[in-house]
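Colleague: I would like a close look at one part of this model, the places where helices pack against each other and the loops that join them. Please take it slowly, for someone new to reading structures.

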Amino acid sequence: MNDMPMNCSGNMRHLIVEACIARSLLDTSAYMWPGYVNARSNPIPRSVAGQVAGWSSLMKGAPLTPPLVNALVTTPASSLAEIEKIYELAVDGSNDEKMYATAVLCGASLVRGWNVQEHVVLFIMRLLSPPMPADYSGSDSHLITYAPFLNVLLVGISTIDIVQIFSLHGLVPQLAGVLMPICEVFGSCSPKISWTLTTGEEINAHEVFSNAFTQLLKLWRFDLPPIQHVMGGVQPVGSQLTPEFLLMVRNSKLASPAKPNRKRHLSKLLSPPSAEPIFMDSFPKLKCWFRQHKAFIASAPSGLEQGNPVHQVVNGLLNMLFKKINRGNQTTSTGSSTSSGSANEEASLRLQLPAWDVLEAVPFVLDGALTACAHDKLSPRELATGLKDLADFLPASLANIVSYFAAEVTRGIWKPASMNGTDWPSPAANLSAVEQQIKKLLAATGIDVPSLDIARSSTPTLPLPLAALLSLTITYKLDKASERFLNLAGRAVIMLSASCPWPCMPIVASLWAQKVKRWSDFLVFSACRTVFHHNNEAVVQLLRSCFSSTLGLHQAPGLSSGGFGALLGHGFGSHLSGGMSPVAPGIFYLRAYPFIRDAMFLAEEILSLLMISVRDIATSGFPQESLEKLKKSKYGGRYGQVSLAASMTRVKLAASLGASLVWITGGLNLVQALMSQILPSWFISEYRSINGGETSEVGGQKLAMLKGYALAFFAVLCVAFACGVDTVSPPWKRRAKMLGSHLEFMATALDGKISLGCNWATWQAYVSGFVSLMVGCTPAWIVEADVNVLKSLSNGLRQWNEEEIALALLGAGGVRAVGAAAEMVAGK
C-alpha cells in the first residue's frame, strides 16, 4: 500500500455514478460534471495497474494460469464482457479452466464488483444447477459428475458476507432452490465416493453435502433458538422463514414476468430460468430431516427402539466419538492404552453411511452424551472433544448440534455448568474488564443500566447445553477451512447466550476474547446488544438517544447538531486509544432490536418519545425551567418566536425517524397494531403533559397542532413503509383492511360517537394532516376505502371549514364518490 496515493480513490458519489453508467442509467457525459474529476489526483498505483492488466490480458486471449488467476481473483471486473468471458470458460473450458473460472467468479468481482455484481450472482446460481448432458445415461443424478466443480463454487460463496450479497439482490429464495437438489443428491451418497481436485486435495460426498447444507441453513436462519420465536410480542409456532417458505417465494418470483428493463440489463448468455415450481416433496430426505428438526425443538429425542437401524448408527457413533462412556456398570474404552491396534479399530468404526442417515441419529447421540456429562459419566473435556470429532466427521452435523442445544437451553431442565476453570473453562481472567467495557460503551451512547452488574460472590455459570456448545466452538482452529462452519455455530452461540439470563453473554464474550483478542471489540459490542433483551429501561434510553441525536436536542458540547448522520455515525471500531469509539445510537438500535422481546412496548415508547420530541421542538429544545425563567424576564415576549416552518421541518424529521423505528422493529404486524390499537387508544385516553396539560405549556396551541401533524406524518409513513403507496406492493391487500378500520375510527370520532381525551387542536391537525397526505401522496389508498367512510370524513372536515380538503378527498375516491362530491358542490 506504500504506492497508494491518498486521493486516488473516489467517494460514494463516484461509486453511484459508475454503477449508474454501467447500467445505462447515465451516459459518460457524467465524467464532465463540474468537480467530478479531481485534477490533483495522482496516477493509478502500480499494483492496481498490474491488476487491471490482468483483465485486459484475459480479454486478449491469454490462458488462465495461476498468476493470472490470482490477479483476477483479487481485482473486480470492470465490465459485463469480462464476466461473460469467465463464465464461458466455466461452462466450456477444460477441467482446470473450469476450476480457475469459478474461483474468479467467487472472488473480488462478487464481493466488491459493484458494476457487475448483479450479473455475477446470476452466473453463480446458473453454474450451481448445471443441465444434464445430452449423452448422460447413468442411473444416479448427473450432479454427481460435477462434484469437484460444485464444491469449488460452494466453498467460494460460503462466507457470511456473500450470503448478505445474495440477500441484497433478492436471490435468497432462488439460491435455496438450487442448493436443495445438491443436498438431496450428495446427502444420499456414501462417503466412499471421492474426487481429487486439481490442487491434489481429496473430497468425498460428505464434504460436498456439508458445504451445500450449511449454506442452505444460513439462508433460512435455522440457528435462532426457540426462545427467539416468541420475541416481538407475538408467539408463532416457529420461525416464519422455513424451507417451504423460501420455495414458495422462489416459485412466486419465477412465475411473475420480469420487468422489461430488467431483461434488457441481463447478460445474453443467460437464458430465462425455468418457471417450473419446486416443492419440498421433491426432496424427501430434506423434508424428513426438517420434520425431525421441528419435532426435537418441540420435545426431547425419544422413542428409539433397540435393534432399530437408527439405534445401531447411534451406538456406532457413540463408540467412535467418545473414548470413555459409562453405561451402567460397564465401561467402554477405546483409548490408546487399551491396545496397540486402537487407531485401526477407531478407523474401522467410522461409519460409511450417507449423510442423511448420520444426521438422523445425531440428536440421539447428543442427548446421550449430554446426559452422560450431566451425571458425571463423561467429563466436559471428553464431551467437547467428542462433539468436535463428530463435526469433523460430518460438518453438516453442526446443524443438529446447534438445534439440539438451543432447544435444551430453552427447556431449562439441565443443571448449570460451573465455569471454574477445572471442569469447564473459566472467564475470570477478563470478565471484570469485559463488564467495564460494556458499561463504558453503553454510557457513551447515553445508556446507564446499573442493575446489570455481575455478582462477584459466586463462580460464573452457564446452562449446561450452552456450555457444551461454547466449548465446542472454542476447540475450532481459526483457519479458512473452519471459518464457514464456525460462522454457523458462532452465530448460534451469540444468539443463544443473548436469550439466556444475564451475565451469560459477558461470560461467552470473555471466554472467546481470551482465545482471540482481536475479536474483543466485536464480542463486547455483541454483549452490549443483549442488555436490551434483559432491561426495558435500557431500551427506552436508547430510543431517547436516537431521537435526541437525530434532532440535535439537548446535545452535549462538541456533539453533532443532528440529522441522520448523527443517528448512524460511522459504525464502530477501535478508533480510540482507550478502547472502542462511541457507537452511534442508530447503529446500536439496528443491531439490538432483534433482541428486544416486546414490540408493542417499543411502539408505545416510540409514540411517547415522538410527542416529547415535538414538545422540545416547539420550545426550541430548551428545558421547561429555562423557558419559565425566560417567560418572566423582560424578553419574555420573544420566547415563542420559533419559525413554524422550521418547526414543521424538524417535526417531519422526528416523525420519519419514529416511523422507521416502528417498521424496522415489527414490520407489517406492528404497523397494523399501531393503526388499529395504539393510535386510537392514545387519542381516546386522556393525554396530559408532564406539567399538567398542554395549555399550561409555552405555546400550548402551537404545540397541540404540531403534535397532530407529527402523528399524521408518523402514521402515513408507517403504513407506506409496510404496505406501499400503490396496488403493486405485495401487502396492499392487507392495507385496505388496516386503513379501513383506522379511517372508520376517525369518521366515528368526527361524528361524535367516540369521546376523545386528547387536545382538540391535536385531533383536528391529525385528521386534516392525515387526509391531506393521502390526497396528495397516496391517492390509491383513498380508492380502496369505503365510500360511506369517505363521506363521513368529508362532512366532518366541512364542519371545520376544511372544504377544500373535503372536496379533494371525495374527488380522489373515484367514480363511487362522484355523487357525494356533486352533492357537496351543490350544497356549497
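Modeller: What follows goes from the whole chain to two helix pairs, then to a covered helix and a few loop residues. The model is a predicted one.

The protein contains 37 helices and six strands. Of its 828 residues, 49% are buried. Among contacts with a separation of 6 or more, 75% are between residues 24 or more positions apart.

Take helix H10 (residues 172–186) and helix H11 (residues 205–219) as the opening pair. Their axes are 9 Å apart, and the two helices pack at an angle of about 150 degrees. Angles over 145 degrees count as roughly antiparallel, and H10 and H11 are therefore roughly antiparallel to each other. The crossing of H10 with H11 is left-handed. On the H10 side, the residues that meet H11 are Val 172, Leu 175, Ala 176, Leu 179, Met 180, Ile 182, Cys 183 and Phe 186. On the H11 side they are Ala 205, Val 208, Phe 209, Ala 212, Phe 213, Gln 215, Leu 216 and Leu 219. Sorted by class, this contact has 15 nonpolar residues, one polar residue and no charged residues.

The next pair is helix H21 (residues 464–474) and helix H23 (residues 504–515), whose axes come within 11 Å and cross at roughly 20 degrees. Because angles under 35 degrees count as roughly parallel, H21 is roughly parallel to H23. The crossing of H21 and H23 is right-handed. From H21, Leu 466, Leu 470, Thr 473 and Ile 474 take part in the contact. They meet Cys 504, Val 508, Leu 511, Trp 512 and Lys 515 of H23. The residues in the contact of H21 with H23 comprise seven nonpolar, one polar and one charged.

The loop between helix H22 (480–499) and H23 holds Pro 503. The peptide bond from Trp 502 to Pro 503 is cis, and its omega is near 10 degrees. For background, most peptide bonds are trans.

Further along the chain is helix H27 (residues 585–592), which is mostly covered, with six of its eight residues buried. Those buried residues are Pro 585, Gly 586, Ile 587, Phe 588, Tyr 589 and Ala 592. Their cover includes helix H20 (431–444), H24, H25, helix H26 (564–568), helix H28 (599–618) and helix H30 (644–684).

Two of those covering helices, H24 (520–534) and H25 (536–551), are joined by a loop where Asn 535 is found. Asn 535 has a relative accessible area of 13%. Buried means under 20%, so Asn 535 is buried. The side chain of Asn 535 reaches the backbone nitrogen of Ala 538 at 2.9 Å.

Two other loop residues are exposed. Asp 376 is in the loop between helix H17 (355–374) and helix H18 (380–393). Its relative accessibility is 64%, and Asp 376 counts as exposed. The phi of Asp 376 is near 60 degrees, which is positive although the residue is not glycine. Asn 801 is in the loop between helix H35 (787–799) and helix H36 (803–811). Asn 801 counts as exposed at 65% relative accessibility. Its phi is near 65 degrees, again a positive value in a residue other than glycine. As a general rule, most residues other than glycine have a negative phi.

How values were computed:
Residues numbered from 1 in each chain as written. Predicted model: local features only at pLDDT ≥ 70, side-chain atom pairs only at ≥ 80, totals over all residues. Heavy atoms only, no water. Helix = DSSP H or I, 4+ residues; strand = E, 2+ residues; numbered from the N terminus. Buried < 20%, exposed > 50% of the residue type's maximum accessible area, 1.4 Å probe, protein only. Polar contact = N/O pair within 3.5 Å; in protein donor to acceptor, adjacent residues only side chain to side chain. Axes fitted to C-alpha atoms, helices over the stretch in contact; angles between N-to-C directions. Parallel < 35°, antiparallel > 145°, perpendicular 65-115°, else oblique. Left-handed = near helix turned anticlockwise from the far one by under 90°. Contact = heavy atoms within 4.5 Å. Nonpolar A, V, L, I, M, F, W, Y, C, P; charged D, E, K, R; others polar.
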